[in-house]
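Reader: I have a structure here that is new to me. Can you take me through it?
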Amino acid sequence: MLLDQFEIQFGLLRSRIKRIIIFVNQIIDEEGAQPDNKLGYTFKNKDERLAQFKKISSNYFEEEYEPSRGNGFSKIIDFNLEGTARYSNLIDQECLNVVRDNIDIGPKEKFHKKAPEGE
């Protein structure tokens with residue numbers, strides 16, 4: 001079980017590092033990052049690049065780093081997805097709508113009860 005967890009963590013880490021290396025190389029090839037005395041480097045489209053970086057630095061497996069078949073891992077919730085896909089299609093959309101009417105499900109693993117109206 002512990003080896004399964006290490007395999008998962010290393011797979012996620014390797015996947016993220018692979019995407020970041022590709023991202024950095026892409027910036028250098030396309031724009032040629034310019035040295036800056038204060039910040040290190042500057043580049044064009046900073047807001048767009050930050051949004052791209054946020055997306056690629058999230059936890060998901062690249063195909064070559066997915067857990068092996070013998071691993072006891074089975075994904076139940078993936079907060080990178082939306083709708084019923086977030087819950088591996090184990091929950092019907094109708095049930096999900098009922099839950100969302102009563103609980104505000106944030107982007108992370110926290111559940112926040114909605115405040116009563118008028119407060």
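Author: One term to start with: a residue is called buried under 20% relative accessible area, exposed over 50%, and partly exposed in between. By that rule Lys-18, at 27% relative accessibility, counts as partly exposed. Keep in mind that this is a predicted model.

Reader: OK. What does the secondary structure of the chain come to?
Author: The chain has three helices and four strands. Along the sequence they follow the pattern α-β-β-α-α-β-β.

Reader: And how many of the residues count as buried, as a percentage?
Author: The chain has 119 residues, and 17% of them count as buried. The exposed area of the chain is about 9900 Å², with 55% of it supplied by carbon and sulfur atoms.

Reader: What about contacts between residues far apart in sequence?
Author: Take the contacts with a separation of 6 or more: residues 24 or more positions apart account for 44% of them.

Reader: Back to Lys-18. What does its side chain meet in a salt bridge?
Author: Glu-64. The two side chains form a salt bridge at 2.5 Å, N to O. This pair links distant parts of the chain, since Lys-18 is in helix α1 and Glu-64 is in the loop between α2 and α3, 46 residues apart. Glu-64 is also partly exposed, because its relative accessible area is 46%.

Reader: Why would two side chains like that pair up?
Author: Side chains of opposite charge can pair when their charged atoms come close.

Reader: How many salt bridges does the structure hold?
Author: Three. Another of them joins the side chains of Glu-62 and Arg-19, at 3.0 Å, N to O. Here too the pair links distant parts of the chain: Glu-62 is in the loop between α2 and α3, Arg-19 is in helix α1, and they are 43 residues apart.

Reader: Are Glu-62 and Arg-19 buried or exposed?
Author: Glu-62 has 17% relative accessibility, so Glu-62 counts as buried. Arg-19 counts as buried because its relative accessibility is 7%.

Reader: What else does Glu-62 touch?
Author: Leaving out residues up to four places away in sequence, Glu-62 touches Ser-15, Lys-18 and Arg-19. So Lys-18, which bridges to Glu-64, is also in contact with Glu-62.

Reader: And the salt bridge of Arg-86?
Author: The side chain of Arg-86 meets that of Glu-82, at 3.5 Å, N to O. Arg-86 is buried because its relative accessible area is 4%, while Glu-82 counts as exposed because its relative accessibility is 57%.

Reader: New topic. Which residues make the nonpolar surface patch?
Author: Leu-2, Leu-3, Phe-6, Phe-10, Leu-13, Ile-17 and Ile-21 make a patch of about 730 Å². Phe-10, one of these, lies in helix α1, which runs over residues 2–31. With a relative accessible area of 46%, Phe-10 is partly exposed.

Reader: Last thing: what is phi of Ser-88 near?
Author: Phi of Ser-88 is near 55°, a positive value in a residue other than glycine. Asn-89 likewise has a positive phi, near 55°.

Reader: Why point that out?
Author: Because most residues other than glycine have a negative phi.

Reader: Where is Ser-88, and where is Asn-89?
Author: Ser-88 lies in the loop between α2 and α3, and Asn-89 has its place in that loop between α2 and α3 as well. Ser-88 is partly exposed, because its relative accessible area is 30%. Asn-89, with a relative accessible area of 54%, is exposed.

Definitions and conventions:
Residues are numbered from 1 along each chain as its sequence is written. This is a predicted model: local features need pLDDT of at least 70, side-chain atom pairs count only at pLDDT 80 or more; totals for chains, interfaces and linings use all residues. Side-chain values use heavy atoms; hydrogens and water are left out. Patches are made of residues with over 30% relative accessible area and no salt bridge: like charges are joined within 9 Å, nonpolar side chains (Val, Leu, Ile, Met, Phe, Trp, Tyr) within 5 Å. Accessible areas come from the Shrake-Rupley method with a 1.4 Å probe; for residues, only the protein chains shown count as cover. A salt bridge is a side-chain nitrogen of Lys or Arg within 4 Å of a carboxyl oxygen of Asp or Glu. Helices (H or I, at least four residues) and strands (E, at least two) are DSSP runs, numbered from the N terminus. Buried means under 20% relative accessible area, exposed over 50%, partly exposed in between (1.4 Å probe, protein chains only). Contact means heavy atoms within 4.5 Å.
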